[in-house]
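Please open the structure and keep it beside this note. Each point can be checked by eye or by a short calculation.

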Amino acid sequence: MEPISRRRFLATTSSAGLAGILASGVPPARGQQREISYLCWNNFAPASDKKLAEIGQRFTKDTGIKIKIDHVAHPQQAAKYASEVQSQAGHDLVEMRMHFPWLYEPQLVDVSDVVAELEKKYGKVLSSAQDTANVHGVWRAVPQYHTFFVGCYREDLFKKASLKVPDTWEDLYTVGKELKKMGHPVGIPISQNYDTISTASPVLWSLGGMEVDKDGKTVRINSPAAEQMIEWYKKVYRDCMEAEVLSWTDASNNTTLNAGKSGWIHNPISAYIVARKSKLVTADGINHHRSLAGPHGRHETDVPRHIGIWKFSKNVEPAKEWIRYLLGKREVYDEYVMSGDAFNLPVYASLLDHPVLKTDPKFAALRQMEGVQFHTYGWPAPPSDKVQRITNEYILPNMIAKAITGTSTKEAVAWAEKEMKRIISG
């Protein structure tokens, strides 16, 4: 057999490769489709998840990048993050709430370029989202949306019994006693979930209390304000609620309001959204009011969510393209926000008065108002990985539950102080 020279080999294979390209009509760069994966929570506004899937399909059609969107219940997200970081494998993008970008800072890509583009288009990111996604001056996640807690109540029951809509936490105790007598107790969880923290924190803040001081180092939970908060919880639990709240999940308060049992819960507007979409008999009777005040003002829990990209991802640039498509294209972002019926609110300054707020008069309580202070967990302590660890261990909920189930108030507070100091000094 005649040997083939190197020049002849290259010419032959090049011709064959060119023939293949001409036959298929697909250039080499497009021959292997790019693919990314995105981990999200199961949104309490279910239509948002459906809309996200639709947008994902359009993204693939428009860009040629295939996207796989997975959902988990949000209590499982923390374990999922830890598992993926430990194995250095999993999803390219992850949706994160609160201070998780601080906890996973070393594992997250710098996405400052994407945030700069969005701020140029929509204005500055809200302070709550900046505090939690911007870590030591570097954006470790892109702010996506936020939601916050308001009073959700059965307006029909209040009118029937001539009850005054509460303005303070003490007012809630007064009307809560009447609601329980009517068979419609107050529904505030006192268990290991985020909603417990989202209510306990505003009660504590309104009394002048805090978990950790603004220096981020000094634990302040052992205080008269924390004791007052526990005593308030004790009487509300005794006179306004039922024992089931000690084992509730984050979804339980929504369920009990929509089922016609609870007369008042502290929550985002997701319960009403589901009731309205599902045409439940309780939907017409549900309304909302601002979160409640105390001697030290009116405070609300703000819950920002972000999109981060793992450093172990081999698809960083395509992942950024997805974020730009979902959040950077105004028509797409609007479509996504509208699908959530005011549950997923924009986190950019020029979009605060978003048209979604005008789609239902019962969204009025979500409008920005003077005199309302919005905070993320741990305020006034600056955001940090340690604040997220305090959240993850549910120290505030456990402190309240201990006091309600037999531990003395002072012992419960001392226990919380010890646990928080262990984390802060660790």
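The points below go from the whole chain to one sheet.

1. Start with the status of the model. It is predicted.

2. Next, the overall make-up. The chain has 426 residues. Its secondary structure consists of 18 helices and 13 strands. The C-alpha trace spans about 100 × 50 × 40 Å along its principal axes.

3. Now burial and surface. Buried residues account for 55% of the chain. The accessible surface is about 18,400 Å². Carbon and sulfur atoms supply 53% of that surface.

4. Look at how the sequence folds back on itself. Take the contacts between residues at least 6 apart in sequence. Of these, 77% join residues at least 24 apart.

5. Then the charges. The chain carries 53 positive and 48 negative charges. Their mean positions lie 3 Å apart.

6. Turn to one sheet. It is open and has 4 strands, in the order β8-β9-β7-β10. The pairing is mixed. Which strands stand at the edges? They are β8 (186–187) and β10 (286–289). Each has a single partner strand, so one side of each is left without a neighbour in the sheet.

7. Follow β8 to its partner. β8 pairs with β9 (residues 264–267) in the parallel sense, over 2 bridges. Within this pair, G187 stands opposite I265 of β9.

8. Finish with the helix over this pair. Helix α9, residues 169–181, lies across both β8 and β9. The angle between α9 and β9 is about 140°.

Conventions
Residues are numbered from 1 along each chain as its sequence is written. This is a predicted model: local features need pLDDT of at least 70, side-chain atom pairs count only at pLDDT 80 or more; totals for chains, interfaces and linings use all residues. Side-chain values use heavy atoms; hydrogens and water are left out. Buried means under 20% relative accessible area, exposed over 50%, partly exposed in between (1.4 Å probe, protein chains only). Contact means heavy atoms within 4.5 Å. Accessible areas come from the Shrake-Rupley method with a 1.4 Å probe; for residues, only the protein chains shown count as cover. Lys and Arg count as positive and Asp and Glu as negative; His and the chain ends are not counted. The place of a charge is taken as NZ of Lys, CZ of Arg, CG of Asp or CD of Glu. Two strands pair if DSSP finds at least two bridges between them. Axes are lines fitted to C-alpha atoms, for helices over the stretch in contact, and angles run from 0 to 180 degrees between N-to-C directions.
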